[in-house]
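Student: Hi! Could you help me read this fold, one piece at a time?

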Amino acid sequence: MTDLSHYRNIGIFAHVDAGKTTTTERILKLTGKIHKLGEVHDGESTMDFMDQESERGITIQSAATSCFWKDHRFNVIDTPGHVDFTIEVYRSLKVLDGGIGVFCGSGGVEPQSETNWRYANESEVARIIFVNKLDRMGADFYRVVDQIKNVLGANPLVMVLPIGVEDELKGVVDLLTRKAWVWDESGDPMNYELQDVPADMVDKVEEYREMLVETAVEQDDELMEKYLDGEEPSIEDLKRCIRKGTIKLDFFPTYCGSAFKNKGMQLVLDAVVDYLPNPQEVEPQPEVDLEGNETGKFAIVTPDAPLRALAFKIMDDRFGALTFIRIYSGVLEKGMTVMNSFTGKTERIGRIVEMHADSRQELTRAQAGDIVAVVGMKNVKTGHTLCDPKDPATLEPMVFPDPVIAISITPKDKAAVEKMGIALNKMVQEDPSFYVETDEESGETILKGMGELHLDIKIDILRRTHGVDVTVGKPQVAYRETITQRVEDSYTHKKQSGGSGQFGKIDYIIEPGEPGSGFQFESVVVGGNVPKEYWPAIQKGFANSMEKGVLAGFPCLDVKVTLVDGAFHAVDSSAVAFEIAAKGAYRQSIPKAAPQLIEPIMKVDVYTPEDHVGDVIGDLNRRRGMIKSQDTAPTGVRIKAEAPLSEMFGYIGDLRTMTSGRGQFSMEFSHYLPCPKNVAEEVIKETLERKK
């Protein structure tokens, strides 16, 4: 049996261009997994193996690999940084025990770092921090540490200090051992010397070491008393305290260096071993029943328990469909039968493989704590639980945000129609934030996703990976409808035509709900005028009707329906009759409740050089944007705003033109707000014309 205390399941996550993939490449090089380093900017990194990733120099899919360092096995997942692919980060964090948050030494805490950090907090993942790119112009380690405190509200525990910055970066001082790690200019990570602390840094090193020790000993009362009495704790004791505090998320050990120049990476790998938790030190996953309620049981990480595994990613490659699985408890063996608790069906495990980016190694078994891929599973989707058929259970499933943008596509010729269907089916399996629908009226295929880049890449994959050429329509916004007034009303559904008829009468109140509340239903009927067994049918009738609003057929949100009274007939009433009554009531009353079109508002985070701030703000105002804040950073200005999605199409091109290519931005869905009257009229008119 494998010793689980030597396992580390870690992910690397950060903002676009902070150097996550380069950091992963260096980890693989140092641990002997790869011998030639691939560079992202040459389009040759090992982890970014999709064509679209090599070309754009960004990570789209989380790649998984495993390697060894000091007798410890690391399962590493390199996640994307771009906001349209946060879903990848989110589902990776779900199955990790620890993470490395990478920040750019000059860019600092950037928009996407905040989102990823928030996800990691929600998933309660212990992290260490690596401030990368300290060899870059404008890099400042101490400024980034301040930003981590102020912007993220996190507590960075500084473990090393840089020796020199920008092109003077020579190495780092390890505060625990008071030793300076100095690398030569060859770029070989192994060419370093351990030296004494440079004379001009002695005071600073002592000041930061004192802060480190004071924070660490807070984890152990006995050590703290000894320290206050003037007794210096041993390095072993300090490491034990730092590990305890890191796993409790009290603080985050913070390192620095330059992954590209191979400086400072060994200390990060040592930190993963010393401070990040093994699978048994993390809170066990709660098990839930089919309704999603916690059962009070947990998937304890041990090979001796019944099998509990979570499928967190599906990937299609040249060998067939790969299902990435994190095993929480029990053992997975080749040839065994497992049950998918979501579908209730069983599947046989064919080949189990261990991934290294896009190459693989066959395994006969895997156990609790492992992250492996299974080839050729049929009906498993992201978030499904695989379990022992004799002892079924479900792990807490993943929740994915709704898409906010849609485009229509039509295949160029007849031959492409069937190919397109098969390809889209595979793509939907892989990415839970990507939806495909057919518009019944126009017969068009509609793709829905998290943003322009997200859908751009999907079209690119369709064309190149699957060889399907399509014509793309212009992007459409996911508008919604809601109501603004309270209406009390009554509706009777009566049908007599020989034999037993249908009868259902309901008195109800329809009123606007809280923003973000969706559809709510409540019954306050007393005295049995509408028997309890018909309430679910009435709720279902209203809920189904909400999928099509009365203005332009967009789904209706934030509506509360209260059933007040009604009447039934002992013979003619049925669940179906009351469901039809609810549908009729919806059609009758929603137009009276002053329906209104609402549009998705995006949180926009723009980074621009100082001399272009006026242009950027003026442009955002023209796009109906609301400026929320402006912060000056050493290399430019960061503007936070909220703007309607419909005005933000093609923004990246305009921003680059305005800022001579130096501006960048990120955008994520925030909430829905009412459309201005002129915009709403235009949208309703266009939508109705398109449906004709």
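Student: Which strands does helix 12 lie across, and at what angle does helix 12 run to strand 33?

Tutor: Good place to begin! This is a predicted model, where local features need pLDDT of at least 70, side-chain atom pairs count only at pLDDT 80 or more, and totals for chains, interfaces and linings use all residues. Residues are numbered from 1 along each chain as its sequence is written, and side-chain values use heavy atoms, with hydrogens and water left out. Helices (H or I, at least four residues) and strands (E, at least two) are DSSP runs, numbered from the N terminus, and angles run from 0 to 180 degrees between N-to-C directions, with axes fitted to C-alpha atoms, for helices over the stretch in contact. Helix 12 (residues 535-545) lies across strand 32, strand 33 and strand 34 (559-567), and its angle to strand 33 is about 155°.

Student: Which strands are at the edges of the open sheet?

Tutor: Strands pair if DSSP finds at least two bridges between them. The sheet has 4 strands in the order 31-32-34-33, with mixed pairing. Pairing on one side only marks the edge strands: strand 31 (487-495) and strand 33 (519-523).

Student: Which residue in strand 32 stands opposite Thr492?

Tutor: Strand 31 and strand 32 (residues 502-512) are antiparallel partners over 9 bridges. Opposite Thr492, in strand 32, you will find Lys505.

Student: At what angle do the axes of helix 6 and helix 8 cross?

Tutor: Look at helix 6 (residues 202-217) and helix 8 (residues 235-247). Their axes come within 8 Å, and the crossing angle is roughly 65°.

Note on methods:
Contact = heavy atoms within 4.5 Å.
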